[in-house]
Amino acid sequence: MIIFIILLTAMFITQCNPVSQSVNEGLIPDEDNGGLNLPDGFHALVVADNLGRGRHIDINENGDIYMALRRLNNGKGIVAIRDTTGDSRADEIEYFGNFAGTGMEINNNYLYFGGDTMILRYQLNPGELVPDEVPEIVVSGFPEQNQHRDKSFAIDNHGYIYVNVGAPSNACMEQARTVGSPGIYPCPQLERHAGIWRFPLNELNQKQVEDGYHYATGIRNSIALTWNNLTDNLYVVMHGRDQLYQFFPGIYTEELGAELPAEEFLLVRDGSDFGWPYCYYDHLKGKLVQAPEYGGDGEKTDMTEDKDDPIMGFPGHMAPNDLLFYTGDQFPDKYKNGAFICFHGSWNRAPLNQEGFFIAFVPFEGELPSGDWEKFAGGFAGAEPVKSPSDAEHRPMGVTMGSDGSLYVSDSQKGKIWRIFYSGE
Amino acid sequence: MKRKAYKVMIIGSFIVLNALIYVSCNGPGGNQGKVKPAEDASETMAATSLNDITLKRGEEIYNKVCLACHQADGSGVPMMFPPVTQSKFINGDNEQLIRVILDGMSGPVEIKGEEYNSIMPPQKDNLDDQEVSDLIYYLRNSFSNSAGDITAEEVARIRKQ
């Protein structure tokens with residue numbers, strides 16, 4: 001009888017012990033951490049590989065992962081991944097959806113998806129990996145464009161979706177990407193592009209112009225944008241303009257052209273104007289500088305007076321492609337409410353080496369960074385230095401957080417997905 | 001004339017005559033059937049130098065105008081800018097290649113199994129006919145490409161159309 005009670009008690013104790021949030025028991029990393037370089041105590045495993053040209057990802061409460069594809073894979077533009085054996089590695093992989101795209105976020109049992117000219121939603125059904133085949137159109141009527149057409153978006157907790165409409169040019173030149181060309185003034189692309197449009201999340205068949213609220217402007221292209229639920233505002237990490245040196249060799253050296261302009265980290269409020277194309281942020285000087293297309297000489301600050309500064313500037317051309325504020329409890333305290341940024345890697349720093357191909361971390365206190373940025377996860381590119389982006393084995397593209405506080409990261413070269421977790425040793 | 005002097009004169013003339021014959025046989029214009037290594041080498045060196053110069057000129061143009069997007073190794077940028085290595089555009093139809101360089105390109109195009117849909121800016125105001133010819137020479141003799149030369153005259157003809 002006593003033995004029975006002891007056994008019963010033992011059984012209860014083992015059943016009721018909550019799994020420690022900060023130490024992952026039972027999660028076995030890959031021996032080489034999936035090829036990644038991580039800070040002490042962090043490990044990684046490869047969830048799946050060779051899925052296609054991966055873009056943004058999200059993970060459902062039940063652990064199902066969804067990734068957008070930039071190119072159709074056998075005619076399908078979204079891949080769904082399920083682990084059925086509990087080892088965090090893919091067991092079921094399904095492709096669905098007839099549109100390629102970038103944006104991917106689960107909200108209220110819908111999979112929201114950013115195709116090149118539309119925002120769609122797919123109805124998720126409880127327990128099923130693949131949602132309803134036929135999507136509904138949330139917003140369409142975005143202009144056709146042949147650069148910066150990828151639609152990324154963020155969803156707030158007030159029933160709104162914020163959509164990035166990238167500029168259809170590099171610097172609003174009169175003659176596109178031409179040496180010495182002046183910019184068009186005023187730049188007509190600011191009307192339908194180069195900004196963020198906000199829409200009610202739960203209405204269908206909306207159009208950009210009729211139903212969109214022009215939330216912010218002067219943003220060249222924001223593939224990386226997210227709503228910070230703690231501070232209740234929108235943040236973006238912007239792709240700065242290209243080729244200052246090639247188009248204005250009299251003003252900029254090759255080195256300056258590789259370093260400038262900054263990739264800007266933006267706190268975006270209703271009515272923000274960050275200045276593209278008239279100015280760019282020079283992080284070496286710590287200020288906005290007039291663009292050469294509009295008469296700038298690398299020093300002048302005309303046309304910047306009424307523009308909004310970024311909260312931080314990163315070295316040029318590293319291509320910020322996703323942004324996440326860390327709200328989990330798994331990682332050490334310093335990461336709480338800080339920002340993880342996927343730098344996809346540059347293409348236009350030659351003849352200098354390409355840069356990026358890592359995940360950065362920025363600590364935050366309230367609305368603003370509380371310290372310098374640091375490299376959190378590297379090793380994506382493989383052999384370094386990277387001279388041209390095709391050399392990079394992998395390029396970090398999308399990041400999301402699981403319910404346990406692990407990070408999931410996607411790659412655009414082959415479609416690899418890693419799970420990064422902290423195990424304290 | 002004394003006998004000895006006369007002998008010297010004959011022998012001397014004989015020597016000079018032979019020397020003249022030797023020189024004329026072995027200098028330029030003579031010995032038509034024989035190999036003249038010195039002269040052929042200088043002709044060959046001249047031809048090589050001209051190719052080298054054209055290649056160098058073309059490479060400079062590529063580095064200044066094309067490299068930013070198509071990259072130093074010609075591999076392009078995944079999903080953004082196509083490679084120029086083993087390219088059907090580089091090795092294919094002359095007129096098409098000239099037009100792409102002069103007028104640029106946009107819209108969806110499939111190259112080596114990948115789809116691209118970007119903008120390539122025109123270079124017609126940036127490069128003259130000789131520069132386009134040099135650039136094509138460099139492209140067609142680099143990046144694992146191989147195709148014939150295009151003259152500046154041919155570029156001019158296409159440019160006018």
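## Two chains, side by side

Read along its sequence, chain B goes α-α-α-α-β-β-β-β-α-α. That comes to 6 helices and 4 strands for chain B. Keep in mind that what you're looking at is a predicted model.

Now turn to chain A, which has 4 helices and 29 strands. Its radius of gyration is 22 Å, close to the 22 Å that the globule rule gives for 425 residues, so chain A is as compact as a globular protein of that length. If you follow the C-alpha trace of chain A along its principal axes, it spans about 90 × 45 × 40 Å.

How much of each chain is buried? In chain A, buried residues make up 52% of the 425 residues, while in chain B 20% of the 161 residues count as buried.

Here's another way to look at each chain: take the contacts between residues with a separation of 6 or more, and ask what share joins residues 24 or more positions apart. For chain A that share is 55%, and for chain B it is 54%.

| Chain | Helices and strands | Buried residues | Contacts 24 or more positions apart (of those with a separation of 6 or more) |
|---|---|---|---|
| Chain A | 4 helices, 29 strands | 52% of 425 residues | 55% |
| Chain B | 6 helices, 4 strands | 20% of 161 residues | 54% |

Finally, the place where the chains touch. How many residues of chain B are in contact with chain A? There are 18 of them, and they meet 20 residues of chain A. Sorted by class, chain B's side of this meeting place has 9 nonpolar, 7 polar and 2 charged residues.

Definitions and conventions:
Residues are numbered from 1 along each chain as its sequence is written. Chains are lettered from A and ligands numbered from 1 in the order in which they are written. This is a predicted model: local features need pLDDT of at least 70, side-chain atom pairs count only at pLDDT 80 or more; totals for chains, interfaces and linings use all residues. Two residues are in contact if their C-beta atoms, placed from the backbone, lie within 7 Å. Ala, Val, Leu, Ile, Met, Phe, Trp, Tyr, Cys and Pro count as nonpolar, Asp, Glu, Lys and Arg as charged, and the others, Gly among them, as polar. Helices (H or I, at least four residues) and strands (E, at least two) are DSSP runs, numbered from the N terminus. The radius of gyration is taken over C-alpha atoms; the globule rule is 2.2 Å times the number of residues to the power 0.38. A residue is buried if 20 or more other C-beta atoms lie within 10 Å of its own, exposed if 12 or fewer, and partly exposed in between; C-beta atoms are placed from the backbone.
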